[in-house]
Amino acid sequence: MAASWIWLNGSLVRGDLPHLSVADRGFQLGDGVFETLAVHRGVAIQLQEHLARLRASGAAMDLHLPFSDDQLSAGIGLVVATLAGPGRDAPPLADAARGGLAPTDRGTGDPGDPATADPATATADPATTDPVAAEPDPVPDTAVRITVSRGASPGRGLLPPVGMAATVVIQAWPAAEPTELVRRGVRAVFSPIRHDPRSPLAGVKTTSRADHVWARLDAARRGADDAIFLTTDGELAESTQANVWIARGNRLLTPPLAAGILAGTTRRWLLTAAAALGLEAEEVPLQPEDLFTANEAFLSSSVAGILPLTAVDGRAIGDGRPGAIALALRAARRRWIQAEVAGTVPSGSVGDGTEPGASAAKDRRPAPEGAAPTPEGRPGGGR
Ligand SMILES: Cc1ncc(COP(=O)(O)O)c(C=O)c1O
């Protein structure tokens, strides 16, 4: 279940009440961009990369993000803290609400909104308003989504009026281990929807996801877990929510960004991390048939991690069971995340890819004043 609190334009507000205008262009037109990332024990994994990608997606749509990285990081910390249960080190709601950050260049959420977290109300009746009271898990693994829409526009039409104020929302959910998919592997179908790598929106993470939703519905109707998009040229692209890889011997192959795919943060980590695991990772154009001549295949994404891909369109990949390399990479990624969370990266392993071998702890920045501490006492959202 989602956290009962969300971060909306700088304020922590109750998630079960309406906050957005029906005129919001995110609702009307899918005019927005988003990111989904993993938070482990209060540390947001590859946060800077996700925020950079969010800004790049926004730039592609001429959509300015009116909050700094520090503000978004603190916002993530606040929402994640509301998911944690008793026994942890997070602040009561009153502190969390104080940590709600003022935006840099626009108004905050409506102060008259009764749903906006108010320290006075929160402390007056903690049984009903303290978001940390009821959750049993001290620090669950969390999936966090940052959504930025262009905001509300009273008029009709596709061209947005100038000077619109974006709507920025941060939500969090406990992220359960995808045990079943790890055990048996993902079974996918090829989607009949093709992605055009020459589109200016190729690889841009917009909220206009109708093709992805359709592909998942189609996959479900066909008894599959996911769908894989090919490009308009018939090459392998990506799945609806992950990058695609094959393994041949000790070589890991994934389509290049020129295939119009999302520049996945986990994909980039793998491209860097593979060497430390004795594997060679390369970006090469792949044909759908390559899946079936590979030793194994797998998917990579932030929240689900690395998942074996064992069949497409009912045809087995490899021996049809999760491959040893995919499972080893999944475990390696998990170890790397744990090291990130502990603030150390073991020697010989990689950092976040920008600086191979560097400890990600190096660029953890102090929390903005008022930000919620994590259970480790680090800034909300970590890095
Ligand atoms: C279409 C698509 N490709 C790839 C990915 C993987 O990206 P990341 O590893 O940054 O989660 C995602 C994740 O959201 C996605 O939606």
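## A walk through the chain, starting at Thr266

Let's begin at Thr266, which touches Gln46, Ser300, Ser301, Ser302, Ile306 and Arg333, leaving aside residues up to four places away in sequence; a contact here means heavy atoms within 4.5 Å. This is a predicted model, where local features need pLDDT of at least 70, side-chain atom pairs count only at pLDDT 80 or more, and totals for chains, interfaces and linings use all residues. Numbering runs from 1 along each chain as its sequence is written, and side-chain values use heavy atoms, with hydrogens and water left out.

Thr266 sits in helix α9. Helices (H or I, at least four residues) and strands (E, at least two) are DSSP runs, numbered from the N terminus. Is Thr266 buried or exposed? Its relative accessibility is 2%, so Thr266 counts as buried; the cut-offs are under 20% relative accessible area for buried, over 50% for exposed, and partly exposed in between, with a 1.4 Å probe and protein chains only. A polar atom of the Thr266 side chain also lies 3.4 Å from the backbone oxygen of Ser301.

Thr266 brings us to the ligand. Of the 18 residues around the ligand, Thr266 is among those that come nearest, along with Lys205, Glu238, Thr265 and Ser302; to be near, a residue needs a heavy atom within 4 Å of the molecule or strand in question. Which kinds of residues make up this shell? The shell divides into two nonpolar, 12 polar and four charged residues. In this scheme Ala, Val, Leu, Ile, Met, Phe, Trp, Tyr, Cys and Pro are nonpolar, Asp, Glu, Lys and Arg are charged, and the others, Gly among them, are polar.

Now for some distances. In the side chain of Lys205, an N or O atom is 2.6 Å from an oxygen atom of the ligand. For the side chain of Thr265, the corresponding distance from an N or O atom to a ligand oxygen is 2.7 Å, and for the side chain of Arg53 it is 2.8 Å. On its own the ligand has 390 Å² of accessible area, and the protein covers 94% of that. These areas come from the Shrake-Rupley method with a 1.4 Å probe; for residues, only the protein chains shown count as cover. The elements giving two or more residues to the shell are α2, β9 (236–239), α9 (265–273) and β13 (296–301).

Follow β9 and you arrive at Ser239. At 2% relative accessibility, Ser239 counts as buried. Its contacts, again skipping residues up to four places away in sequence, are Asp226, Ala227, Ile228, Phe229, Val244 and Leu299. Phe190 is 49 residues from Ser239 along the chain, and their C-alpha atoms are separated by 8.8 Å.

Next, have a look at strand β3 (residues 32–40), where eight of the nine residues are buried. β3 runs antiparallel to strand β5 (residues 142–149), with eight bridges joining the two; strands pair if DSSP finds at least two bridges between them. Within that pairing, Leu37 has Val144 as its bridge partner. β3 also pairs in the antiparallel sense with strand β4 (residues 43–44), over two bridges, and here Val39 is matched with Ala44. Two residues lie between the strands of this hairpin, where Arg41 takes a positive phi near 45°.

Most residues other than glycine have a negative phi. Two loop residues go the other way. Asn9, in the loop between β1 (5–8) and β2 (11–14), has a positive phi of about 50°. Asp62, in the loop between α2 (47–60) and α3 (69–81), has a positive phi of about 55°. Their surroundings contrast nicely: Asn9 counts as buried because its relative accessibility is 7%, whereas Asp62 counts as exposed because its value is 71%.

One more stop is Thr167, in strand β6 (residues 167–174). Thr167 counts as buried, at 9% relative accessibility, and its side chain makes a polar contact with the side chain of Asp24 at 2.8 Å. A polar contact is a pair of N or O atoms within 3.5 Å; within protein, one must be able to donate a hydrogen and the other to accept it, and residues adjacent in sequence count only if both atoms are side-chain atoms.

Stepping back, the chain comes to 11 helices and 16 strands, and 52% of its 383 residues count as buried. Among contacts with a separation of 6 or more, 72% are between residues 24 or more positions apart. The chain exposes about 16400 Å², with carbon and sulfur atoms supplying 56% of it.
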